[in-house]
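Biologist: Got a minute to go through this one with me? I'd like to ask about a few spots and hear what the atoms say.

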Amino acid sequence: MIKIFADGADKISILELNKNPLVRGFTTNPALMRKAGIRDYKPFALDILKHIKDKPISFEVFSDDWAEMKAQALEIASWGPNVYVKIPITNTGGWYCETLIEELNWQGVKINITAITTLGQVDFILKKLKYLRGVYISIFAGRIADTGVDPIPIINASLYLLKDTEIELIWASPREVFNIYQAEKCGCHIITCTPDLIKKYELLKGKDLKEYSRETVQMFYDQAKGYTL
């Protein structure tokens, strides 16, 4: 079965999901942390790592300068053996980060290569770094689909490129529960899910559609109470 990684930055949700056997790891990023109202990056991460000790968890660098990115990555990696460092596929100028990724991985840093949206990006990074160990590649399938492009051919082709490597592919930024089934059918190793998607997945596995229809009617009926014409 595909591994589900919880994606978020709310401490209460993270600690609750850590008790859920369905959740095999965690990811976060600066945007999610900002949304959750987190102001101090390192104290938040270290606090979470006091509780998440036996599952992989990804924290992202936030610099756009190569030297600073490397320093941040080494610092983040030092926080725990289960920590993966998120490095974007390019910096904001569009320059690939393959040299940085290679240097870090040779130094023993586990890497989550993030923000990938094209097969060309996957092909480029694998030609340079196919021998890496302890690496995830995150394809932002949800963002791809938001543009009207079907992400599944990109996912399938990427998995073919990965077949002789030890790199695991993450279906990132899913938009609905059905994406979990799609990702699993493709053969993805991992999918990231928000707490809301995980909750829906647990509730709706094997759900009888006729009963779901009746429950939907009941919901509309209950919400309409008090209205008059």
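Modeller: Sure, let's take salt bridges, cysteines, a pocket and some single residues in turn.

Biologist: What should I know about the model before we start?

Modeller: It's a predicted model, so local features need pLDDT of at least 70 and side-chain atom pairs count only at pLDDT 80 or more, while totals for chains, interfaces and linings use all residues. Residues are numbered from 1 along each chain as its sequence is written, and side-chain values use heavy atoms, with hydrogens and water left out.

Biologist: OK, salt bridges. How many turn up in a search of the whole structure?

Modeller: The search finds 12. A salt bridge here is a side-chain nitrogen of Lys or Arg within 4 Å of a carboxyl oxygen of Asp or Glu.

Biologist: Which residue does Glu168 pair with?

Modeller: Lys3, with the closest N and O atoms 2.7 Å apart. Glu168 sits in strand 7 and Lys3 in strand 1 (residues 3–7), so the pair ties together parts that are 165 residues apart in sequence. Helices (H or I, at least four residues) and strands (E, at least two) are DSSP runs, numbered from the N terminus.

Biologist: Is Lys3 buried or exposed?

Modeller: Lys3 counts as buried because its relative accessibility is 18%. The scheme is buried under 20% relative accessible area, exposed over 50%, and partly exposed in between, with a 1.4 Å probe and protein chains only.

Biologist: And what does Lys11 pair with?

Modeller: Lys11 forms a salt bridge with Asp47, and the closest N and O atoms are 2.7 Å apart. That pair links distant parts of the chain, with Lys11 in helix 1 (residues 11–17) and Asp47 in helix 3 (residues 41–49), 36 residues apart. Lys11 is partly exposed at 33%, and Asp47 is partly exposed at 22%.

Biologist: What about Glu215?

Modeller: Glu215 bridges to Lys207, with 3.0 Å between the closest N and O atoms. Glu215 is partly exposed at 29% relative accessibility, and Lys207 is partly exposed at 28%.

Biologist: Now Glu60. Where is the nearest side chain of opposite charge?

Modeller: That's Lys86, 4.4 Å away, and Glu60 is buried yet has no salt bridge. For charge, Lys and Arg count as positive and Asp and Glu as negative; His and the chain ends are not counted. Glu60 is in strand 3 (residues 57–60). Not counting residues up to four places away in sequence, Glu60 touches Asn29, Pro30, Tyr41, Ile76, Lys86 and Thr114, where contact means heavy atoms within 4.5 Å.

Biologist: Switching to cysteines: how many disulfides does the count come to?

Modeller: Zero, using a cut-off of 2.5 Å between a pair of cysteine sulfur atoms.

Biologist: Why is there no bond for Cys186?

Modeller: Because the closest cysteine sulfur, in Cys188, is 5.6 Å from the sulfur of Cys186, too far for a bond. Cys193 is in no disulfide either, and its nearest cysteine sulfur, that of Cys188, is 11 Å away. Cys193 is buried, at 1% relative accessibility, and Cys186 is buried at 19%.

Biologist: What lines the largest pocket?

Modeller: It has 28 lining residues, and Asp7, Gly8, Asn29, Leu32 and Thr194 lie nearest its centre. Among the elements giving two or more residues to that lining are helix 2 (30–35), strand 8 (190–193) and helix 10 (195–204). On a 1 Å grid over the protein atoms alone, a pocket is an open set of points where a 1.4 Å probe fits, with protein on both sides within 12 Å along at least five of seven lines; lining residues have an atom within 4 Å of a point.

Biologist: And what's its volume?

Modeller: About 760 Å³ for the largest pocket, taken as the space filled by probe spheres set on the grid points, which are joined across faces, edges and corners.

Biologist: Backbone next. What is phi for Ala115?

Modeller: Ala115 has a positive phi of about 70 degrees although it is not a glycine. Ala115 is in strand 5 and is partly exposed at 35%. Ser173 also has a positive phi, near 55 degrees, and Ser173 is in the loop between strand 7 (168–172) and helix 9 (178–186).

Biologist: Last one: where is Ile167?

Modeller: Ile167 is in the loop between helix 8 (152–162) and strand 7, and it is buried at 3%. Its contacts include Leu126, Val135, Ile137 and His189.
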